[in-house]
Amino acid sequence: MIDRRSTAPGAYLATCPKGLEALLSDELAALGAEPTKTTVAGVYFQAELVTAYRACLWSRLANRVVRCLIQEDDVETPERLREASAGVDWQAHLAVGSTLAVDFHGRSDAIRHTRFGAQTVKDGVVERLQADGRARPRVDPQAPDLRLYANLHRGRLTLGIDLSGESLHRRGYRRGTGHAPLKENLAAALLIRAGWPAMAREGAPLVDPLCGAGTLLIEAAMMAADMAPNLQRERFGFHGWVGHDEAGWRELKREAEARASIGRKRCRNRLFGFDRSPPALAAAKSNAMRAGIPALIELTGGALGELERPGGLDEAPPGLIITNPPYGERLGELPELVELYAQLGERARAAFPGWRLALFTANPDLGHRTGLRAHKQYSLKNGPLDARLLLMDIPSGTDEEKGEATSKPSRSEGAQMFANRLLKNRKRLNKWLKRSGESCYRLYDADMPEYALAIDVYGDRVHVQEYAPPRSVDPGQAQKRLHEALGVIPEVLGVEPSQVVIKQRQRQSGRAQYQRQDTSGERFEVREGRARLWVNLRDYLDTGLFLDHRPVRRLLAELAEGKRFLNLFCYTAAATVQAALGQDEGRGASDSVSVDLSNTYLDWARENFRLNRLDPSRHRVVRDDCFHWLETAGSEFDVIFLDPPTFSNSKKMTDTLDVQRDHGRLVRLAMARLAPGGTLVFSNNQRRFKLDADLAEAFVVEDISAKTFDPDFKRRPDLHHCFLIRHRDGEEA
């Protein structure tokens, strides 16, 4: 026997995004409903039908309003789900010839897929209709006449009529979405949490300095003008329901239309949107037009750093700045975002004293870069992201407070020490840089353990690598220090934040170093000695130029004069370029071969050759496994550069490569290709590397590691190891 409890007439469920349940409950009560229970992402309530219609029309927070038909426990199997669905008199809800769709949510041990759950509910509906002598209804998942809502959670089934139809967050005004749009009901929740409804009643102004497609502005304008958010929707789910009260609905809609007409005329609020993106502003203007409130919103192009308080607000009460800036979901976006959040705080203090700032972000530490303290925080979801709404009061009042409001927030003690270290390092390197003419160099390498970064300068650009912190370091503190550093670097080095690139440095294996991290294609030319080289700071883990090997490349240019040169594991072949050009005009290598497995880097090498006008018939690149190439090559070379990775398990190799384990075999293979009197330059980046003792017996080996570090790398003498290896006198290759 089925243990079923049918809900009383007038039982409803309103669903919403997680985190909005309490707000939705208050809103439903204000609309005349009686909330009875709050659940995850929903509120159950009792109401008359016209009040449920009012919720569909007026709720700014709900996704759906469902008229509950049954709620049953112990629904775990497909058989029980189908039986429960067949227990409803569907003739009282679905008209003859109407189409049907089922939205199923949840799962059980036996019902693991929403599509299967929906199919089972539909089978129960069909079974009941056919038992009552009705034909099987047609399923239309896109635009059905009647949409059913089913939710199964911990064996409890809620099944009912979806009175909404399409989700209520889709107001209908937004088509061109601009960049990173908020859902409309989440935007409304942010405004409510920020206190906008009360401020709007007082005639306060509102500013969104990064307005994008204008969702926050439009939702704020509709609140200020007393406009029902779904007034322009032509069809709701209840229009295809047998129990629909058309007369009651028409009266409710006429009332809402009258309120909107009066509200637009009486609205005293001024709402301003700013954005530097012309497409985003165009989308915002179109959206405002479709929402019916174009006259209430003023949209202007402009960068955040140029933000000023709009004119004509002298008599208005203090207003609200509310915005949803980028979050920095990718590490590479952080340098510009740290500056953007700092600019937001600076402009807020300078131009809007006494106002309130509401900042919605999935990166609260970026929010702290504003220099303003949040007196309230609300945790919310923005899609899959955990986010927070930070509410901050912008200082106002005395002249002293105003003076403080216009100044930048002070650096922390640690950030100031970091800035001082950058200045000290640059001063230390200045004489060497002027003498050498180098424009690409390492400025900082985890000098302070708290700021575990490697900072390289490439002309007017900066490449920052964050060393992954150990587990003993609190991730929040590590992120805070990273943001502090990224706030300091542009100011101290005199570069734009957009010219700073950040990556996280971790041990790589296989082809990780070859894989793209971005697709910017943003390469630029740098000079090293006589060589011109392409570098790319954004798209790969490495930039195309290993700066610590600069002295080794100078050595190769000296050794290779008029010689045959071989570059193994050549990467972007910067070493080959230096060897081919030589130290003086016309005194480079006579010919060269550069070997690597990566098509990406071999193409890069060819571009470097073209940039330096090297003859491809004399300077060749070869794609091959270096082990295989050495075993099969018949040529001899006077100078060989061997710089293998520390470890590789590339699928293109027949075996893994471990430089400590395999360097003996590699060196012997290379020495077999070295001409009498020639030199093998063997280098690697294994910090604890120990040279095979047998090699020192077989060949003449000179450890020159200490001589291969310029002043910018003197702090890290274990960064690489370098050896000159030659045949013993009288021994042939």
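Here's a quick briefing on two sheets, a helix pair and the cavities of this structure. Keep in mind that the model is predicted. One open sheet has 7 strands, and another open sheet has 4. There are also 2 cavities of 30 Å³ or more to look at.

**The sheet of 7 strands**

- Reading across this open sheet, the strands come in the order β12-β11-β10-β13-β14-β16-β15, and the pairing is mixed.
- The edges belong to β12 (297–301) and β15 (374–382), each of which pairs on one side only.
- On average, neighbouring strands here are turned by 20° against each other, if you ignore direction.
- At one edge, β15 pairs with β16 (residues 385–393) in the antiparallel sense, and 8 bridges link the two.
- To pick out one of the links, find L380: its bridge partner in β16 is A387.
- At the other edge, helix α9 (residues 278–291) lies across β11 (271–275) and β12. The helix runs at about 170° to β12.

**The sheet of 4 strands**

- This open sheet goes β17-β18-β19-β20, again with mixed pairing.
- β17 (440–445) and β20 (500–505) are the edge strands; each has a single partner strand, so one side of each has no neighbour in the sheet.
- From one strand to the next, the twist averages 20°.
- β17 and β18 (residues 453–458) run antiparallel and are joined by 5 bridges.
- If you want a spot to look at, C440 stands opposite Y458 in β18.
- Helix α14 (residues 475–493) lies across β17, β18, β19 (461–467) and β20. Its direction is at about 165° to β19.

**A pair of crossing helices**

- Helix α5 (residues 184–193) and helix α7 (residues 215–224) have axes that come within 9 Å and cross at roughly 65°.
- The crossing of α5 and α7 is right-handed.
- From α5, the contact uses E184, A187, A188, L190, L191 and I192. From α7 come T215, L216, E219, A220 and M223.
- Sort the residues of this contact by type and you get 8 nonpolar, 1 polar and 2 charged.

**The largest cavity**

- A probe the size of a water molecule, rolled over the atoms, shows where empty space is left.
- The largest cavity has a volume of about 70 Å³.
- Its lining has 13 residues, and the closest to the cavity's centre are R428, R442, D445, D712 and R715.
- α13 (413–436) and β17 each supply at least two residues of this lining.
- β17, the edge strand from the sheet of 4, gives the largest share of the lining, 4 residues.
- By type, the lining of the largest cavity splits into 4 nonpolar, 1 polar and 8 charged residues.

**The second largest cavity**

- About 50 Å³ of space lies in this one.
- The residues lining the second largest cavity are R461, S498, Q499, V501, E522, F524, L537 and R538.
- They divide into 3 nonpolar, 2 polar and 3 charged.

Conventions. Residues are numbered from 1 along each chain as its sequence is written. This is a predicted model: local features need pLDDT of at least 70, side-chain atom pairs count only at pLDDT 80 or more; totals for chains, interfaces and linings use all residues. Side-chain values use heavy atoms; hydrogens and water are left out. Two strands pair if DSSP finds at least two bridges between them. Axes are lines fitted to C-alpha atoms, for helices over the stretch in contact, and angles run from 0 to 180 degrees between N-to-C directions. Contact means heavy atoms within 4.5 Å. A crossing is left-handed if the near helix is turned anticlockwise from the far one by less than a right angle, and right-handed if clockwise. Ala, Val, Leu, Ile, Met, Phe, Trp, Tyr, Cys and Pro count as nonpolar, Asp, Glu, Lys and Arg as charged, and the others, Gly among them, as polar. On a 1 Å grid over the protein atoms alone, a cavity is a set of points where a 1.4 Å probe fits but cannot get out, and a pocket is an open set with protein on both sides within 12 Å along at least five of seven lines; lining residues have an atom within 4 Å of a point. Grid points are joined across faces, edges and corners, and a volume is the space filled by probe spheres set on the points.
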